[in-house]
Amino acid sequence: MTDFSKYFLMINEDDPVATEKVVIEYTLLKTQGTEKGKIDWDKASMKAKIPAEHGNLNHVCRVTDDKGHSIYIKQAGLETRISKDMKASLDRNRQESEILQLEEKMAPGMVPHIYFFDTVMCASGMEDCSDFEVMRDAMLEHKIFPRFADDISTFMVRTLLLSSDVVMDHKEKKELTRRFITPDLDDITEKLVLMEPYLGAERNNVYPPNQAFVEKELYGDQALHLEVAKLKFNFMTNAQALLHGDLHTGSVFVKENETKIFDCEFGTFAPMGYDIGNVVANIIFAYDNGLSTDDKPFCDWCLKTIRDTVDLFIEKFKKLFDEMATEPMAKVPGFKEYYLASILRDTAGYAGTELHRRTVGMANVVDVTSIKDEKKRLLAERINIFTGKDYILHQDQFCTGSDFVKAVERAKTAAEKTI
Ligand code: SR1
Ligand code: MG
């Protein structure tokens, strides 16, 4: 019998055989039973496998049996998967689990169910969503998901507005702010996203043929640095709502008729526009990839998705604000419009920083890095850099979905002239 009363890393990617044994034992300990919320495992046929694809931080294992039961076990390690030098508090697993539970209440059916979480082993049992595809993988195959804009806008409006001071009781919100404080993970965002793409860093991953361009357009632009400095301080000090905190296409499960959002360990109280901007930027990465193979229907869908996501966010935000606002001062005429305008400004700003950091920072995206042809990759990277600069330098000018799309089109024209 394994002793699970003291933390150890049970998911060891170098030893799948030992991992399978211990994870099955752990799963049975945590979930076995027939009562509600438990799983009636067929012990003899249980398997525990480490999936090939993984996120940057944690370890996961999928447990199944031959009777159709399944669960994901996710565990935080002392080191992050992306780098042994990068540490993040083990408490991130509790935090992610609690945020998912909260999001399940705010946006029912839109996140995987958490069966349990365990603050000793820093592990959780999460609904198996392997009948979904991770959206980034689907984007690489240029698959189209017509309902994505509708679903993601619903998720963002509900989780962001309902966790803001507009709706949530202020004392309850302050309690949550205390519970979901994530210094290590915030620090990663503050450096990787909101500093290093501009000031430069050893660990940046710049595509060598684009080095001079990056130095001029990102490292050498003082006006850009000033705007990013403001965005960084806004991120660090404006506890506007409980964000997902890492809302890229690798954090989204998709299938034809359903969308689920996962992997919210970067969840923190910060400006709403950070989540919305991340979605916009990551659809642009999918567009870049579509462009590299001249897949016009897919590129058109990406641009339409950006437009619809922003427009539906605006429409649903206004409606939910009217229905749910509890703070008397938020109901003062004109406040809703003022508040929404600031969210859209932030959306543009943080879409810009996500575009830049995924192009030149430590954590690139496969949508771009998998483009083999040098000129096509340069085109993709420069579209990201120009679009991001437009968003950051002219944040006030992005008030509708179409404004966001036009910047991509302008950037494409400008980028083509540089190659
Ligand atoms: C050290 S983690 C690098 C990146 O991966 C995560 O998904 C976040 O986006 C983070 O910035
Ligand atoms: Mg992640």
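1. Glu127, Asp131, Lys255, Glu258 and Lys260 are joined in a network of salt bridges; a salt bridge is a side-chain nitrogen of Lys or Arg within 4 Å of a carboxyl oxygen of Asp or Glu. The model is predicted, so local features need pLDDT of at least 70 and side-chain atom pairs count only at pLDDT 80 or more, while totals for chains, interfaces and linings use all residues. Residues are numbered from 1 along each chain as its sequence is written, chains are lettered from A and ligands numbered from 1 in the order in which they are written, and side-chain values use heavy atoms, with hydrogens and water left out.

2. Within this network, Glu258 pairs with Lys260, their closest N and O atoms being 3.7 Å apart. Glu258 is partly exposed at 27% relative accessible area, whereas Lys260 is buried at 6%. Here buried means under 20% relative accessible area, exposed over 50%, and partly exposed in between (1.4 Å probe, protein chains only).

3. Lys260 belongs to strand E9. Helices (H or I, at least four residues) and strands (E, at least two) are DSSP runs, numbered from the N terminus. Leaving out residues up to four places away in sequence, Lys260 touches Glu127 of the network and, among others, Gly109, Met110, Phe132 and Phe253; contact means heavy atoms within 4.5 Å. The C-alpha atom of Lys260 is 8.7 Å from that of Asp151, although the two residues are 109 apart along the chain.

4. A further salt bridge joins the side chains of Lys74 and Glu265, at 3.4 Å from N to O. This pair links distant parts of the chain, 191 residues apart: Lys74 is in strand E3 (residues 70-75), and Glu265 is in the loop between strand E9 (258-261) and strand E10 (269-270). Lys74 counts as buried because its relative accessibility is 7%, and Glu265 counts as buried at 3%.

5. The side chains of Arg345 and Asp396 also form a salt bridge, with 3.7 Å from N to O. Arg345 lies in helix H12 (residues 335-360) and Asp396 in the loop between helix H14 (374-393) and helix H15 (401-416), so the pair ties together parts 51 residues apart in sequence. Arg345 is partly exposed, at 31% relative accessible area, and Asp396 is exposed, at 55%.

6. Glu103, in helix H2 (residues 92-106), deserves separate mention. Glu103 is buried yet has no salt bridge, and the nearest side chain of opposite charge, that of Lys74, is 11 Å away. Beyond its neighbours within four places in sequence, Glu103 is in contact with Pro108, Val111, Phe155, Thr159, His244 and Cys264.

7. The whole chain should also be considered. The protein chain contains 15 helices and ten strands, and the count of salt bridges comes to 42. Of its 419 residues, 58% count as buried. Among contacts between residues at least 6 apart in sequence, 72% join residues at least 24 apart.

8. On overall dimensions, the C-alpha atoms fill a box of roughly 65 × 55 × 40 Å along the principal axes. The radius of gyration of the protein chain is 21 Å, which agrees with the value near 22 Å for a compact globule of 419 residues. This radius is taken over C-alpha atoms, and the globule rule is 2.2 Å times the number of residues to the power 0.38.

Terms used:
Lys, Arg positive; Asp, Glu negative; His and termini not counted.
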